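Reader: Please take one spot in this model and look at it closely. Then work outward to the packing around helices and sheets.

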Amino acid sequence: MSIARINGFADMFEPESTAFTFMESQCRKIFPAYGFKEVRLPVLEYTDLFARSIGTETDVVQKEMYTFPDSKGKPTSLRPEATAGMMRAYIAASLHAREQVSRLYTFGPMFRHERPQKGRMRQFHQIDCELLGSSSPVADADVVSLLVHFVSSLGIGGLTLRMNSLGCASCRQTYRQALISHFEKHEAELCEDCRRRLHANPLRVLDCKKDRELPCMLDAPRLLDYNCPDCLEHYETVTGLLKDAGIAYVQDDRLVRGLDYYCRTTFELQSDAIGAQTAVAGGGRYDGLVKQLGGPDIPGIGFACGMERLALLLGERQLQRPDFFVVSLDPSCTAFAFKLAQSLRHAGLSGETGYGSSGMKSAMRQAGKSGARFAVIVGTDELSRGACAVKNMDQGTQEEVPADALATYIANKD
Ligand SMILES: [Zn+2]
Ligand SMILES: [Zn+2]
């Protein structure tokens, strides 16, 4: 009896695995260009970390984490997101004492036990980027432009950057009150969820999917009107820097974050490359988080990118074609063919070799199936001359090439 795959967990073959490798390699190219360094983090953490960072009242912590006790009975959880672990690692390594600004990124699997639905996996993957140690608006602009640069480098088009400013704790307090009084007047129009969270978390009412078209949503108080002069100046500097650098954005007054430690700049990147607007990444400033987790009072800003989403937008990527397929037509030629394939790989080319000798017809079928640009054929005649027959699989032409000139021959033809 075969063993089934767990629901919500995927096996990833080509071309999806190639899309992931491509995203990871672009990540390793673009992020360091902005001074970001890769961090590798554990996927298992003490549950307390997520309770303290994401909050015990959230759906993520209450219902969605994979939580089980370790051997001493202490609750541990598979990470549902990467920021908390990154903060824990940053504090544990005392990075703040070694450098004024830390620029960190990581990518890998996250786990949430939700009801699986199309495109929503229980093991999903994120790219996570965090800049710690600067409250300058230039840092915000740096992180946002890195995100736009990275996603554009994947060839994903139709991008819209949405931005808003949540203000600081003090200006948000006034805003919350204004929002509550506004929606209290329209309480009967709101959905059940919004009526319940109106007093506890009024900002979340703003991004309710069900109520988005209600007139009371459209004329709700705007966050920017409640930003204090410092917060407003910060935001205007960030958006000014982006504009100057040619990065377009849309002011989205209803873009909010549900968690208290988020402040000031908040942003989301969307793409309409596969029809409807899809969010591919979101982030913002979170100046209170490191302190909330027991570290020093260090400001931070970051974002997370959903890799499954990005992979969908990438579409099918052209797999890299192998350069050669080496085939032996006679058992006496096998050792020579095997050595030939090895020498080609050491010269930087890629390809397969047939296992065992075969007839010409079957050899060509195998070479065609491998997708190779060239079939390299070794028969007894060629072997006696220290050469091989090279067939260009796209053009159908064939030439005899001396074995020691083969690598150069293949490398210089396309
Ligand atoms: Zn403020
Ligand atoms: Zn609602």
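Author: R264 sits in strand β9 (residues 263-271). Strands here are DSSP runs of E with at least two residues, helices are runs of H or I with at least four, and both are numbered from the N terminus. R264 is not a glycine, yet its phi is positive, about 50°. It is also buried, with 27 other C-beta atoms within 10 Å. Buried means 20 or more such neighbours within 10 Å, exposed 12 or fewer, and partly exposed the range between, with C-beta atoms placed from the backbone.

The model is predicted, with local features requiring pLDDT of at least 70 and side-chain atom pairs pLDDT 80 or more, while totals for chains, interfaces and linings use all residues. Residues count from 1 along each chain as its sequence is written, and chains are lettered from A and ligands numbered from 1 in the order written.

S94 also has a positive phi, near 50°, and is not a glycine. It belongs to the loop between α4 (83-92) and α5 (95-98). S94 is exposed: 10 other C-beta atoms lie within 10 Å. Another backbone feature involves E14 and P15, which are joined by a cis peptide bond with omega about 5°. P15 is in the segment before α1.

Now helix α1 (residues 16-33). It packs with α6 at about 145°, their axes 10 Å apart. Axes are lines fitted to C-alpha atoms, for helices over the stretch in contact, and angles run from 0 to 180 degrees between N-to-C directions. The crossing of α1 past α6 is right-handed (near helix turned clockwise from the far one by less than a right angle; anticlockwise would be left-handed). On the α1 side, Q26, C27, I30 and F31 make the contact; on the α6 side, L146, H149, F150 and S153 do. Contact means C-beta atoms, placed from the backbone, within 7 Å. These residues comprise five nonpolar, three polar and no charged ones. Nonpolar covers Ala, Val, Leu, Ile, Met, Phe, Trp, Tyr, Cys and Pro; Asp, Glu, Lys and Arg count as charged; the others, Gly among them, are polar.

Helix α6 (residues 137-153) has another partner, helix α12 (residues 229-244). Their axes come within 8 Å and cross at roughly 40°. The two helices are therefore oblique to each other (under 35 degrees is roughly parallel, over 145 roughly antiparallel, 65 to 115 roughly perpendicular, the rest oblique). α6 passes α12 in a right-handed crossing as well. From α6 come P137, V138, D140, A141, V144 and S145; from α12 come H234, T237, V238, L241 and L242. This contact has seven nonpolar residues, three polar and one charged.

Next, the sheets. Five strands make an open, mixed sheet, ordered β13-β12-β14-β15-β16. Strands pair when DSSP finds at least two bridges between them. β13 and β16 are the edges, each pairing on one side only. From one strand to the next, the twist averages 25°. Three bridges link β12 and strand β13 (residues 351-353) in the parallel sense. F324 faces G351 there, and V326 has T353 as its bridge partner.

Strand β12 (residues 324-328) is mostly covered, with five of its five residues buried. F324, V326 and S328 are buried on one side, F325 and V327 on the other. Helix α15 (residues 334-346) lies across β12, β13, β14 and β15, at about 165° to β12. Helix α16 (residues 360-370) packs on the sheet too, touching β12, β13 and β14, and makes about 160° with β12.

Toward the β16 edge, strand β14 (residues 374-378) and strand β15 (residues 387-392) pair antiparallel over four bridges. A375 stands opposite K391. β15 then runs antiparallel to strand β16 (residues 398-402), joined by five bridges. V390 stands opposite E399. Their hairpin has five residues between the strands, and G396 in that hairpin takes a positive phi near 80°.

An antiparallel open sheet has three strands, in the order β2-β4-β3. Its edges are β2 (44-46) and β3 (67-69), each pairing on one side only. Neighbouring strands turn by 35° on average, direction ignored. Three bridges hold β2 to strand β4 (residues 75-78), with L44 opposite L78.

Key
Two residues are in contact if their C-beta atoms, placed from the backbone, lie within 7 Å.
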